[in-house]
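Colleague: Could you walk me through how to read a few features of a model like this one? I would like the general idea each time, and then the case at hand.

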Amino acid sequence: MTQRHTTLGRFPTTRLRRNRRTGWSRRLVAETRLSVDDLIWPVFVQEGRGTRTPVASMPGVDRLSIDLLVEAAKEARDLGIPALAIFPETDPKAKTPDAREAYNPGNLVCRAVSAVKNAVPDLGVMTDVALDPFNSDGHDGIVRDGYVQNDETLDALIKQAVVQTEAGADIQAPSDMMDGRIGAIRRALDDKGHVHQQIMSYAAKYASALYNPFRDAIGSSGALQTLNSVRDKKTYQMDVANSDEALREVGFDIEEGADMVMVKPGLPYLDVVRRVKDRFGVPTYAYQVSGEYAMLRGAADRGWLDWNKVLLETLLSFRRAGCDGILTYGAVDAARLLTAKR
Ligand code: PBG
């Protein structure tokens, strides 16, 4: 196979630059396309009315109060973006070691979901299933005896997935990396009759240093630094060194009932995306995470990179690697560029 490819054509009879010479020809031979249909827009919500707070480590990204989030959701719908992923900044006073605010049906994320779905019913809404926005330890699970507990955390995640579903969310996205969570959540949803609720599993999520700006945005960075806390997420998120293990994670989650799977972070992990897509052929997504956004935007704001170009180049690269869609903080900018006349 490889042999044949290397002997397929010879210079000067073959000139690979021929097909690249004109714009129309480059369009004609393009193997991959990026469209607004491929985008999921992650957004941050805060308490209040008419307020927005810039996230310092994510230039151009603001946390929005629910009323402004609804306006943003309308804009996303008008641009043709299929779905939002909503993340809450929880009042520190509501955070406890058992993270019970996660399954309070009146919590900020549930109120935000209902408001968005009421105003813009045809826009998909996805919510995270993980305890970190609600946990005084800043972890995705319940910390006891210096360890993030697995099975005890599942009980809380189930309740969280149910309240978020009942608030009107369309997709539950477990991002906590506990073992067995997809099956537990699927069973709980089905038992309550929510058989159409979709699950996008953060199946291969790595213990990456690229999430810090996100933790600033939802206010979990401080909590992670508390004295009684384990300070990193390496006992549950995956080791950056591994990719065979990613296939095991994805395989488990599909068997447990995941409708879609995700690899996270994005750009440095496209090898994992390719392996997942080739092996399983299921709807596969990647998350261009906060640290990736900060790198590109930070450089662009200094005039070192062209934001529009690097944004579209990176998103197209996700598609080339096998992604069916991408979660990106640049979704609105990308949608505007993609819908603008060529
Ligand atoms: C937490 C969660 C994280 C992100 C999405 N859900 C952070 C973490 O695992 O610490 C990261 C998103 C980003 O960095 O943009 N459950």
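Modeller: Gladly, and let us start with one residue: S208 touches Q237 and P265, leaving out residues up to four places away in sequence. Keep in mind that this is a predicted model.

Colleague: Where does S208 lie?

Modeller: S208 sits in the loop between strand 9 and helix 7 (212–218). Its side chain reaches the backbone nitrogen of L210 at 2.9 Å.

Colleague: Is S208 buried or exposed?

Modeller: Buried, because its relative accessible area is 9% and the cut-off for that label is under 20%.

Colleague: Let us move to rings. How is a pair of aromatic rings described?

Modeller: By two values, the distance of the centres and the angle of the planes. In this structure there are nine aromatic pairs. One of them is Y287 with Y329, a tilted pair with 6.0 Å from centre to centre and 45 degrees between the planes.

Colleague: Which parts of the chain does the pair of Y287 and Y329 tie together?

Modeller: Y287 belongs to strand 11 (residues 284–288), while Y329 is in the loop between strand 12 (325–328) and helix 13 (331–339), so the pair links parts that are 42 residues apart in sequence. Y287 and Y329 are both buried.

Colleague: What kind of pair do Y293 and Y329 form?

Modeller: An edge-to-face one, because the planes are at 65 degrees and an angle over 60 gets that name. The ring centres of Y293 and Y329 are 5.9 Å apart. Y293 lies in helix 11 (residues 290–301) and Y329 in the loop between strand 12 and helix 13, so this pair ties together parts 36 residues apart in sequence.

Colleague: How do the accessibility values read for Y293 and for Y329?

Modeller: Y293 counts as buried at 4% relative accessibility. Y329 is buried too, with a relative accessible area of 6%.

Colleague: Which residues form the aromatic cluster?

Modeller: F44, F87, Y202, F214, Y287, Y293, W307 and Y329 form one cluster.

Colleague: A ring can also have a charge over it. Which rings does K264 lie over?

Modeller: The charged end of K264 sits over the ring of Y211, 4.4 Å from the centre of that ring. K264 also lies over the face of Y287, at 5.1 Å from the ring centre.

Colleague: Now the ligand. How many residues surround the ligand, and which are the closest?

Modeller: There are 18 around the ligand, and the closest are R215, K233, K264, S290 and Y329. You have already met K264 over the face of Y287, and Y329 in the aromatic cluster.

Colleague: What are the polar distances to the ligand for R215, K233 and S290?

Modeller: The side chain of R215 has an N or O atom 2.7 Å from an oxygen atom of the ligand. For K233, a side-chain N or O atom is 2.7 Å from a ligand oxygen. S290 has a polar side-chain atom 2.7 Å from an oxygen atom of the ligand. As for cover, the ligand on its own has 410 Å² of accessible area, and the protein covers 100% of that.

Colleague: On to helices. What is the general idea there?

Modeller: An α-helix has 3.6 residues a turn, so residues three or four places apart point the same way. Now look at helix 6 (residues 181–191), which is mostly covered, with eight of its eleven residues buried.

Colleague: Which residues of helix 6 are buried, and what do they pack against?

Modeller: The buried ones are R181, I182, G183, A184, I185, R186, A188 and L189. They pack against strand 5 (124–129), helix 5 (151–166), strand 8 (171–174), strand 9 (198–205) and helix 9 (244–256). Just after helix 6, G193 takes a positive phi of about 85 degrees.

Colleague: Could we finish with separation along the chain and in space?

Modeller: Sure, with two cases. K74, in helix 3 (residues 66–79), is 46 residues from V120 along the chain, yet their C-alpha atoms are separated by 6.4 Å. Setting aside neighbours within four places in sequence, K74 is in contact with A119 and V120. At 29% relative accessibility, K74 counts as partly exposed.

Colleague: And how far apart are L296 and G251?

Modeller: L296 and G251 are 45 residues apart in sequence and 32 Å apart in space, C-alpha to C-alpha. L296 lies in helix 11 and counts as buried at 15% relative accessibility. Leaving aside neighbours within four places in sequence, L296 is in contact with Q288, L305, W307, V310 and T314.

Methods. Residues numbered from 1 in each chain as written. Predicted model: local features only at pLDDT ≥ 70, side-chain atom pairs only at ≥ 80, totals over all residues. Heavy atoms only, no water. Phe/Tyr/Trp six-rings, centres within 6.5 Å; stacked < 30°, edge-to-face > 60°. Helix = DSSP H or I, 4+ residues; strand = E, 2+ residues; numbered from the N terminus. Buried < 20%, exposed > 50% of the residue type's maximum accessible area, 1.4 Å probe, protein only. Lys NZ or Arg CZ within 6 Å of the ring centre and 35° of its normal. Near = heavy atom within 4 Å. Polar contact = N/O pair within 3.5 Å; in protein donor to acceptor, adjacent residues only side chain to side chain. Areas by Shrake-Rupley, 256 points an atom, 1.4 Å probe, with all protein chains shown as cover. Contact = heavy atoms within 4.5 Å.
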